[in-house]
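These are my notes from a session of looking things up in one model, entry by entry. I kept to helix packing, the core and some backbone details.

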There are 2 protein chains.
Amino acid sequence: MTATLAPEAARLGDPSPLRARPLLLDVDVHPLFLPRDVLPRLPEPWRTRYANEHSGGARVVRDYPRWRNGGFRLDAATPGGPPGSDIDVLRAQLLDEYGTDIAILIPLTFELEGPAAYKAALCRAINDWVAEEWLDRDPRLRASLNVPFDSPDLAVAEIERFAGDPRFVQVMVRGDAQSEWGDQKYWPIYRAAEAADFVAMCHVGGEPGNRYRGSGAPSYYLEQHLWLHMPVERLAMSMICEGVFDEFPRLQVALVEACLTWSGPLQWAMDAAYEMAGNNAPQLSKLPSEYFREHFWLSTQPIEEPDNPRHLVQAIELARMTDQVMFSSDYPHWDFDSPLKALPAAMPPEMRRKIMGENAARLYARRLSRR
Amino acid sequence: MTATLAPEAARLGDPSPLRARPLLLDVDVHPLFLPRDVLPRLPEPWRTRYANEHSGGARVVRDYPRWRNGGFRLDAATPGGPPGSDIDVLRAQLLDEYGTDIAILIPLTFELEGPAAYKAALCRAINDWVAEEWLDRDPRLRASLNVPFDSPDLAVAEIERFAGDPRFVQVMVRGDAQSEWGDQKYWPIYRAAEAADFVAMCHVGGEPGNRYRGSGAPSYYLEQHLWLHMPVERLAMSMICEGVFDEFPRLQVALVEACLTWSGPLQWAMDAAYEMAGNNAPQLSKLPSEYFREHFWLSTQPIEEPDNPRHLVQAIELARMTDQVMFSSDYPHWDFDSPLKALPAAMPPEMRRKIMGENAARLYARRLSRR
């Protein structure tokens, strides 16, 4: 099932200084599945349940302010389906258009609700669809595994099912996790991810119900858009404080589509509180900020825009995250960032090169280099 | 009822360059009321209800990690009561010790639950206690009004009851508000506050139930400590997006005990989202960051501690909040910040002078100068 890596992509684990063109890795690209993709891959009784749930049109469960056109680029739809549903359109609009070396697919599942066995079956169907309809058809694609996160045993089974397929590079940590993310309940997932060199990746957004880890719902899309960085701050705190990284020292966590510049302030605040906390502090072997910098990675879209763009560069430097920020386009969403324009002109060339590709190549090197 | 202002304090509205000593205003000091303070000030049937609820010892409803000694300085208790319950101790340990010009009392009410009329009666009792037992007894003290925030008509009545007493300088916006803070439901409160030159002040922390605007409860005090800045970010977004400041252009909001350095990142992220949002954006007359800087004020405790303290100075400058950060001690809590040590030595003298007193004097000038 493993696709052959393109010659350029094959060297990603060890970016060569001889490459004429800087690497371009895009860590946030959304393929969209439709009932026609999921149904044939679901066993009964789940096929009937899913069909019933989707009879009478798409099921819409999101309770946050909606964006026009469902949040998608107007030019990304095709006669055959909505944006993100056609690999040829994605190739033309993204991979070929910008010469993307590697794009990492994140198939968001807004509707992962129901009994555990149903959620597990849905994840299997979606992962199989990604493998067969996307990864098998373009060697530049990599993907994220959907798992039934609140059923750790079932999640581990799904991770192990794909551990040998290096085209899957990360496991999706759900924004609507029912417990705090550092809870030992989830440790079997982190253990399995670490063992197979999967990155743990969280991309909040679109979860059903009112699960943004904040009560109430915002009134404007602007608010919903920015709110996404709050749950991942809690995720980082929780995983650090619960000792996840002492237990799993090789585990790496990518926080996708959640802004960047809060990362310095969070590190400073965690260290200040930790140093005060005495015997009430969690039992850590280093400063919280050290765990953060050793284990967390951020993506560029949506990127903050100070009116002086040099302040963005300064904020990344102050946070010491220069080596851990990764370009992402968020294709095919309406707020897609072109690789040509995502970063401000004022950014130094070295920082730009790292963000556009080298950092992601380093993060995903272990799995990208598996054959 | 109005106390005479001390000669120094009387000039606070117009800080004179001739003052030999820089101003010292402390915007976060907690007096603690006990059942013996509340009971005689409650009418029936609420007195009986309150007595029943407090029979068998103090009622503890906080569901977050507890700090040793209830979160108080070990040296602040007296034989007669717990820390914060004795004005003479507060004078000795805080006002006299550091030569504080003005200290603003924030009487936190952890237990504001029950029917609206009961909550309103509790607020009245607490406000009367503050006026009689604290403000009447030391001219350096000012205070914050407790109001039944989710019953706006009752809240407005309480604001109007104290509008003529300039020793009360602000109205407490509750962290456990049942709706989003910008909701028009609360506009009568903001209207009454603006009309009487009250600052709207939010100090999250200690609310009953699971109301930190984040699901789940953190495992460690470190996490709970830092979590406080997340609800106030949502508060700022919500008030800006709902148009509170177009309706109430003179309203000022103080966010106390919620860190500082997130304020630049939030402004940059709000502006970036706003510029993209087109006709889905809230109807604002200026950039979100402009509202933020024109209406929001922050306090220093707890302060972030980058290991290079100059980074803190840079972060405040990048956020353009140099004129809106105010010193706070959080007395008598365990993590009290001494005015002598709160700010890093690397901070430029002008920024230090502003933060230690001049900024707060400017914010509270209208009410401080009322006689």
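Which sign does phi of D197(B) take, positive or negative, just after α7(B)? I looked this up with the reservation that the model is a predicted one, and I found that D197(B), placed just after α7(B), has a positive phi of about 65 degrees.

**Entry on α7 of chain B.** I then went back into the helix itself, residues 187-195 of chain B, and noted that its buried residues are W187(B), I189(B), Y190(B), A192(B), A193(B) and E194(B). When I asked what covers them, the elements I found included α6 (152-162), β4 (168-173), α9 (229-241) and α10 (244-247), which belong to chain B as well.

**Entry on α6 and α7 of chain A.** For the pair in chain A, I looked up the packing geometry, and helix α6 (residues 152-162) meets helix α7 (residues 187-195) at an angle of about 10 degrees, with the axes 8 Å apart. Angles under 35 degrees count as roughly parallel, and α6(A) and α7(A) are therefore described as roughly parallel to each other. On the side of α6(A) the contact is made by P152(A), A155(A), V156(A) and I159(A), while α7(A) contributes P188(A), I189(A), A192(A) and A193(A). Sorting these residues by class, I have eight nonpolar, no polar and no charged residues in the contact of α6(A) with α7(A).

**Entry on the core.** Which members of the largest nonpolar core touch the most other members? They are Y190(A) and Y190(B), in a core of 207 residues. I followed up the copy in chain A and, with neighbours within four places in sequence left aside, found Y190(A) in contact with F149(A), V173(A), W181(A), M239(A), V244(A), F248(A) and L251(A). As background I wrote down that nonpolar side chains tend to be buried together in soluble globular proteins.

**Entry on cis peptide bonds.** In chain A I noted a cis peptide bond between E44(A) and P45(A), with omega about 5 degrees, and P45(A) is found in the loop between α2 (35-38) and α3 (46-54). I also noted the cis bond from Y331(A) to P332(A), where omega is near 0 degrees; P332(A) lies in the loop between β8 (325-326) and α14 (349-363) of chain A.

**Entry on positive phi in chain B.** C259(B) is not a glycine, yet its phi is positive, near 65 degrees, and I place C259(B) in the loop between β6 (253-255) and α11 (263-276). Its relative accessibility is 3%, so C259(B) counts as buried. D330(B), which is not a glycine either, has a positive phi of about 65 degrees and lies in the loop between β8 (325-326) and α14 (349-363) of chain B. At 0% relative accessibility, D330(B) counts as buried.

**Entry on S329(B).** Is S329(B) buried or exposed? S329(B), in the loop between β8 and α14 of chain B, is buried, with a relative accessible area of 0%. Its side chain makes a polar contact of 2.4 Å with the side chain of D26(B), and a polar atom of the S329(B) side chain lies 3.1 Å from the backbone nitrogen of Y331(B). Beyond its neighbours within four places in sequence, I listed the contacts of S329(B) as D26(B), D28(B), V29(B), L94(B), Q301(B), D335(B), F336(B) and D337(B).

Conventions. Residues are numbered from 1 along each chain as its sequence is written. Chains are lettered from A and ligands numbered from 1 in the order in which they are written. This is a predicted model: local features need pLDDT of at least 70, side-chain atom pairs count only at pLDDT 80 or more; totals for chains, interfaces and linings use all residues. Side-chain values use heavy atoms; hydrogens and water are left out. Axes are lines fitted to C-alpha atoms, for helices over the stretch in contact, and angles run from 0 to 180 degrees between N-to-C directions. Helices (H or I, at least four residues) and strands (E, at least two) are DSSP runs, numbered from the N terminus. Angles under 35 degrees count as roughly parallel, over 145 as roughly antiparallel, 65 to 115 as roughly perpendicular and the rest as oblique. Contact means heavy atoms within 4.5 Å. Ala, Val, Leu, Ile, Met, Phe, Trp, Tyr, Cys and Pro count as nonpolar, Asp, Glu, Lys and Arg as charged, and the others, Gly among them, as polar. A nonpolar core is a set of buried Ala, Val, Leu, Ile, Met, Phe, Trp, Tyr and Cys residues joined through side-chain atoms within 4.5 Å. Buried means under 20% relative accessible area, exposed over 50%, partly exposed in between (1.4 Å probe, protein chains only). A polar contact is a pair of N or O atoms within 3.5 Å; within protein, one must be able to donate a hydrogen and the other to accept it, and residues adjacent in sequence count only if both atoms are side-chain atoms.
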